[in-house]
Amino acid sequence: MKITGIETRLYRIPPAVHIEDAIQRTSHWEFIVTTVKTDAGISGTGFAYTNGMGGSAIRELVDTYLAHLVLGHDPVNVERIWRSCWWELHSLGSGGMTRFALASIDIALWDILAQHAGVPLYRLLGGTRDRIRAYASGINMHLDGEALLEQMRGFVAQGYRAVKMKVGRDNPAEDVERVGAVRRLIGPGMRLMLDVNQAWTAGEAIRRTTLLRPFDPFWLEEPLLADDREGHAHVRRATGVPIAVGETIYTRYEFADYIRAGAVDILQADIIRVGGFTEWMKIAKLAESFNLPIAPHFMMELSVHALCAVPNGLMLEDLKGGSMTELGILIEPMRVENGELAPAARPGHGIVLDLKALSRYEVTGKVSGVTATRTFALE
């Protein structure tokens with residue numbers, strides 16, 4: 001089997017709901033979709049995404065700098081292809097957009113391999129379980145009072161047994177009020193996760209987490225800049241609250257450093273941001289070696305395969321307003337039922353895009369209409 005063609009397209013899609021956290025607002029999701037064709041008649045679909053910035057650069061990396069390395073190779077040699085692409089891009093940086101470009105090819109290759117084997121991807125990768133518990137993830141920094149509680153009531157009514165909310169308001173008392181109200185609503189039996197999105201310093205995180213600890217957070221996510229390993233270790237030791245990180249960590253080497261530093265309890269390796277399933281599986285096995293669970297960030301339709309493949313898969317993130325199903329771009333929607341999600345049963349990853357629905361969002365040339373995403377940006 002040989003790779004005969006690679007085609008990459010860029011789409012900019014408005015979120016299904018208002019999305020805002022402690023440091024950013026998202027006006028568009030960007031999806032980079034890579035189709036890899038083979039002489040066996042099997043095509044694989046790969047993905048990358050951004051929060052609205054960099055999609056055209058990722059498309060260019062794939063089309064101009066990686067495609068020629070991949071064409072003519074046997075997709076079975078997925079590790080060889082990944083490493084070749086990684087070395088080609090490494091001088092640009094070991095993380096960030098280079099990993100996004102890698103992911104869009106790697107995911108397509110694993111889709112091909114699972115189709116070729118005639119099994120769903122999660123079974124090819126390990127097949128530990130057939131479904132995984134999901135949590136409802138609300139990007140809801142702008143919500144408080146009845147609006148916040150109404151969102152949480154909706155999550156509970158849909159069968160979720162775990163929910164996540166954003167914290168990091170300027171006034172700590174507002175976070176205390178919001179988190180306390182949610183805990184009272186959902187009761188002591190449900191898991192409640194808090195996400196800071198890197199907004200605090202270590203000292204501030206300790207002070208504010210001490211105020212929030214009475215509400216029994218299941219984890220505190222990204223309290224500090226992801227670059228600050230020692231700071232996360234300090235917060236973890238000082239507060240006793242489990243620390244979850246990984247959304248903005250890009251390599252297995254960085255995850256290993258976090259583990260060695262005693263800075264993490266739950267690894268949240270994002271399949272796209274680490275460069276696809278090839279790297280993600282290594283990170284999952286690294287975590288398993290230290291008896292740590294893994295709960296990947298975002299991309300529910302892909303993450304379900306990863307979580308069902310490995311024994312230390314913890315929970316799936318169903319990001320409200322961000323799933324492909326909610327964005328209306330799938331022919332076969334995937335929905336959480338009774339708080340759990342099962343992978344698609346068809347061979348491959350089973351994600352069938354609605355190309356007609358996507359076509360209205362395609363960007364063929366230069367991206368326009370870009371707005372600042374970071375709330376810390378100069379005004």
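**Note on cavities and one sheet**

1. In this predicted model, two strands, β5 (162-166) and β10 (316-319), each contribute at least two residues to the lining of the largest cavity, where strands (E, at least two residues) and helices (H or I, at least four) are DSSP runs numbered from the N terminus. Residues are numbered from 1 along each chain as its sequence is written. Local features need pLDDT of at least 70, side-chain atom pairs count only at pLDDT 80 or more, and totals for chains, interfaces and linings use all residues, while side-chain values use heavy atoms, with hydrogens and water left out.

2. That cavity encloses about 140 Å³; a cavity is a set of points, on a 1 Å grid over the protein atoms alone, where a 1.4 Å probe fits but cannot get out, and lining residues have an atom within 4 Å of a point. Among its 20 lining residues, Asn51, Ile139, Lys166, Glu247 and His297 are the closest to its centre, and the lining comprises six nonpolar, six polar and eight charged residues.

3. The second largest cavity holds about 30 Å³ and is lined by Val78, Ile81, Trp82, Cys85, Leu102, Ile105, Asp106 and Leu109. Here α2 (78-89) and α3 (97-117) are the elements giving two or more residues, and the lining divides into seven nonpolar, no polar and one charged, with Ala, Val, Leu, Ile, Met, Phe, Trp, Tyr, Cys and Pro counted as nonpolar, Asp, Glu, Lys and Arg as charged, and the others, Gly among them, as polar.

4. Elsewhere, an open antiparallel sheet of four strands runs in the order β3-β2-β1-β12, its edge strands being β3 (43-50) and β12 (362-363); strands pair if DSSP finds at least two bridges between them. β2 (residues 29-38) meets β3 over eight bridges, and phenylalanine 31 stands opposite tyrosine 49 in β3.

Technical notes: On a 1 Å grid over the protein atoms alone, a cavity is a set of points where a 1.4 Å probe fits but cannot get out, and a pocket is an open set with protein on both sides within 12 Å along at least five of seven lines; lining residues have an atom within 4 Å of a point. Grid points are joined across faces, edges and corners, and a volume is the space filled by probe spheres set on the points.
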